[in-house]
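Here are a few short exercises to work through with the model open. Grab your viewer and try each task before reading its solution.

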Amino acid sequence: MLVVCATPIGNLEDVTLRVLAELRAADLVLCEDTRHTRGLLQRHGIEATLVSYHEHNEAARTAELLPRLQAGQRMALVSDAGMPGVSDPGARIVRAALDADVPVVVLPGPSAVETALVASGFAGDRFQFLGFLPRGAAALTSVWEELRAWPFAAVAFESPQRLPASLRALADVDPDRPVAVCRELTKKFEQVVRGTATEVSRTFHESPKGEITLVLGPRERVVDESPALAAVAELVDAGISRKRAAEIVSGLTGVARNRLYRGTL
C-alpha cells in the first residue's frame, strides 16, 4: 500500500493523528528532504526508515520502489510541506501504483493554498490554483493577462526572491486587482499583506524572507448595460411608462432599476 500523507506547512503541531500513525506503521517513508522529515519525526517521537524521493530522482525511485509495493511493503509518501503531488514530487509514483493496482490511500492535512485563500479574505465558491508562477517575464505577463478575464480568486506559489518582480509585472497589467501576499503561514512571523497590486508591489519592493503564497482577489464584474437600456427605451416607445419598463427589464437582467430609469431619460 502507498499512503500519501499531507504534512505541516510550518507549525509542526499541525500534523494529523492519522498521518502520525501512518508514519509509525510504514516500512519506508519516502520524503523530499530526509533532513526536513527527520525533524518532524523527532518532534513527535517517531523512528522510521527514510528514503529520499525528490524531483531529481523521482523517475528512478519510482522504478525501484514499485516492485516493493507490489510485493506487499507499506510506504508513506511525504513532501517537505503540504500534499505530495501538488507542486511537489509524488504524482509519478501515485500514477504508477494505481496503474499496477497497488492500493493508494490519501491522508488530508494542512494546505498552504486553502490557508492563504481564507486568510486573504478572498475565499468564495470558486478559485483557480496556479501552482508555481513561471520564471520568464513573458510567460509571467501572459499569466497576468489571462487572469484579467478571470473574475474569481486565484492562488499561486512564488519564491521570495522573485516576488517583487512578479508583483511589479502584475501591477503593470492589472494595477487595481486586489492582492494578498501570505508569508510564513502558520509560523512565528506569519504575515498577510493586502491591497491593490500597485500598493502591495510598493510594499514588497525588496525580497522578503520565508515561504510565499500569493492570492489574487476576485474582480468586480463589469456588466454591459447597453442591451438593457435599449430594451427599456423600446418599451417606452411602445407606450409603457418608463418606471414600469425599468422594473420589467431590471427583473429580467439584474441591472438596477434606478440605473435603467436614469439611463434612459
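**Exercise 1.** Find where Arg177 sits in this predicted model, and decide whether Arg177 is buried or exposed.

*Solution.* Start with the chain: Arg177 is in the loop that links helix H7 (163–173) to strand S8 (178–183). Next, check the accessibility: the relative accessible area is 1%. The cut-off for buried is under 20%, so Arg177 counts as buried. Then look at the neighbours: leaving out residues up to four places away in sequence, Arg177 touches a set that includes Trp150, Phe152, Leu216 and Pro218. Finally, try a distance: Asp80 is 97 residues from Arg177 in sequence, and their C-alphas are 31 Å apart.

**Exercise 2.** Work out which residues of helix H3 are buried and what covers them.

*Solution.* First get the helix itself: H3 runs over residues 58–70, and its 13 residues reach 18 Å from first C-alpha to last, close to the 18 Å expected. Follow it along and you'll hit a kink of about 30° at Glu64, shortly before Pro67. Now pick out the buried ones: Glu58, Thr62, Leu65, Leu66 and Leu69. Their cover includes strands S1 (2–5), S2 (28–31) and S4 (75–77), plus helix H4 (91–99). Past the end of H3 comes Gly72, with a positive phi near 115°.

**Exercise 3.** Say which residues make the nonpolar surface patch of about 220 Å², then classify Phe129 by accessibility.

*Solution.* The patch is made by Val86, Phe127 and Phe129. Phe129 belongs to strand S6 (residues 127–132). Its relative accessibility is 31%; partly exposed lies between 20% and 50%, so that is how Phe129 counts.

Key. Residues numbered from 1 in each chain as written. Predicted model: local features only at pLDDT ≥ 70, side-chain atom pairs only at ≥ 80, totals over all residues. Heavy atoms only, no water. Helix = DSSP H or I, 4+ residues; strand = E, 2+ residues; numbered from the N terminus. Expected span 1.5 Å × (residues − 1). Bend = angle between axes of the 7 residues up to and from the residue. Buried < 20%, exposed > 50% of the residue type's maximum accessible area, 1.4 Å probe, protein only. Contact = heavy atoms within 4.5 Å. Patch = residues over 30% accessible without salt bridge, like charges linked within 9 Å, V, L, I, M, F, W, Y side chains within 5 Å. Areas by Shrake-Rupley, 256 points an atom, 1.4 Å probe, with all protein chains shown as cover. Salt bridge = Lys/Arg side-chain N within 4 Å of Asp/Glu carboxyl O.
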